[in-house]
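Please open the model in a viewer and keep the selection tool at hand. The tour below proceeds stop by stop, naming what to select and what is found there.

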Amino acid sequence: DVHEASSIAENLKDNEAKINLHGKRADGIVKSMLQHSRSSTGQKELTDVNKLVEEYVRLAYHGYRARKKDFNVTLDIHTDPQVGPVMMVSQDIGRVLLNLLNNAFQAVEEKSWAEGNGYQPRVTVQTTRTQQGADIRVEDNGPGIPKAIREKIFQPFFTTKPTGHGTGLGLSLSYDIAKAQGGQLLLDTEKDGITAFLLHIKA
């Protein structure tokens, strides 16, 4: 029965694709869990906050564009010239920035698909000198985070992304990295349709 054989073959293809998708998701979860449990071996050193931010914004943007050729966004970078150098493990703070920026890019991309040409995607990154050290704020004008789930977003395995598009460990890991360095990662969102994260770095 050629028709039956063809139907079974199509089902096999679909099942193989699902196995592949869930296998990659499981792999991502395991890798994220390993990162979650791994303590940083880096040493704190004086790091120019503005240069670090500019470097990782560029890295995150070009990395995202490499995967999504049609992706476009307006990037606003506002660096406080008074920030100067701050003691930190720069690679770890860089990982936090990459995660926040990738989340922001994905959020505005999803809103672009939903709203079409009338929507102007924008991601804003701002640095500010504080008495304790420095603040880095990452904001996007994507769909926003509903009030009902804002308290849960730093919990391990909690994610707002579709199945296969996130492990739910990125923000949890970022939160722990900030805390391990004596800093703090906060959700700084007051308006619907605006998502902002504030990373406090203590000198």
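## First stop: a pair within one helix

Select Asp-92, which is buried, with a relative accessible area of 10%. The model is a predicted one, and the values given on this tour are computed from it. Now add Arg-95 to the selection: the side chains of Asp-92 and Arg-95 meet in a salt bridge, with N and O 3.6 Å apart. Both residues belong to helix α3, where three residues, about one turn of the helix, separate them. Is Arg-95 buried or partly exposed? Its relative accessible area is 32%, so Arg-95 is partly exposed, whereas Asp-92 falls under the 20% limit for a buried residue.

## Second stop: the whole chain

Clear the selection and view the protein chain as a cartoon. Four helices and seven strands can be picked out. Followed along the sequence, they appear in the pattern α-β-α-β-β-α-β-β-α-β-β. Of the 203 residues in the protein chain, 39% are buried. Among the contacts with a separation of 6 or more, 71% are between residues 24 or more positions apart. Switch to a surface display for a moment: the protein chain exposes about 12200 Å², and carbon and sulfur atoms supply 50% of that area.

## Third stop: from helix α3 to the loop after α2

Return to helix α3 and select Glu-109 together with Lys-68. Their side chains form a salt bridge, at 3.2 Å from N to O. This pair links distant parts of the chain, since Glu-109 is in helix α3 and Lys-68 is in the loop between α2 and β2 (74-78), 41 residues apart. How exposed are the two partners? Glu-109 is buried at a relative accessible area of 8%, while Lys-68 is partly exposed at 31%. A search of the whole structure gives six salt bridges, including the two visited so far.

## Fourth stop: aromatic rings between α2 and α3

The structure holds five aromatic pairs. For one of them, select Tyr-61 and Phe-105 and show their side chains. Why is this pair classed as edge-to-face? The ring centres are 6.2 Å apart and the planes stand at 75 degrees, which is over the 60 degrees that an edge-to-face pair requires. Tyr-61 lies in helix α2 (residues 49-67) and Phe-105 in helix α3 (residues 90-115), so the pair ties together parts that are 44 residues apart in sequence. Tyr-61 and Phe-105 are both buried. Now extend the selection to Tyr-64 and Phe-71: ring pairs connect Tyr-61, Tyr-64, Phe-71 and Phe-105 into a cluster.

## Fifth stop: Asn-50 in helix α2

Remain in helix α2 and select Asn-50, which is found there. With a relative accessibility of 11%, Asn-50 counts as buried. Where does its side chain reach? The side chain of Asn-50 comes to 2.9 Å from the backbone oxygen of Asp-80. Apart from neighbours within four places in sequence, Asn-50 is in contact with Thr-79, Asp-80, Pro-81, Val-83 and Thr-127. It may help to show these residues as sticks.

## Sixth stop: strand β5 and its partners

Select strand β5 (residues 133-140). The strand is mostly covered, as six of its eight residues are buried. Next, add strand β4 (residues 122-129), which runs antiparallel to β5 and is joined to it by seven bridges. A hairpin of three residues leads from β4 to β5. Thr-124 is a useful marker here, standing opposite Glu-139 in β5.

Then add strand β7 (residues 195-202). Eight bridges join β5 to β7, and these strands too run antiparallel. To find one point of this pairing, select Ala-134, whose bridge partner in β7 is Ile-201.

## Last stop: a network of salt bridges

Keep Glu-139 selected and add Arg-137. These residues form a salt bridge in which the closest N and O atoms are 2.4 Å apart. Glu-139 counts as partly exposed, with a relative accessibility of 21%. Which residues share partners here? Adding Asp-188 completes the view: salt bridges with shared partners join Arg-137, Glu-139 and Asp-188 into one network.

Notes. Residues numbered from 1 in each chain as written. Predicted model: local features only at pLDDT ≥ 70, side-chain atom pairs only at ≥ 80, totals over all residues. Heavy atoms only, no water. Phe/Tyr/Trp six-rings, centres within 6.5 Å; stacked < 30°, edge-to-face > 60°. Helix = DSSP H or I, 4+ residues; strand = E, 2+ residues; numbered from the N terminus. Buried < 20%, exposed > 50% of the residue type's maximum accessible area, 1.4 Å probe, protein only. Contact = heavy atoms within 4.5 Å. Areas by Shrake-Rupley, 256 points an atom, 1.4 Å probe, with all protein chains shown as cover. Pairing = 2+ DSSP bridges. Salt bridge = Lys/Arg side-chain N within 4 Å of Asp/Glu carboxyl O. Polar contact = N/O pair within 3.5 Å; in protein donor to acceptor, adjacent residues only side chain to side chain.
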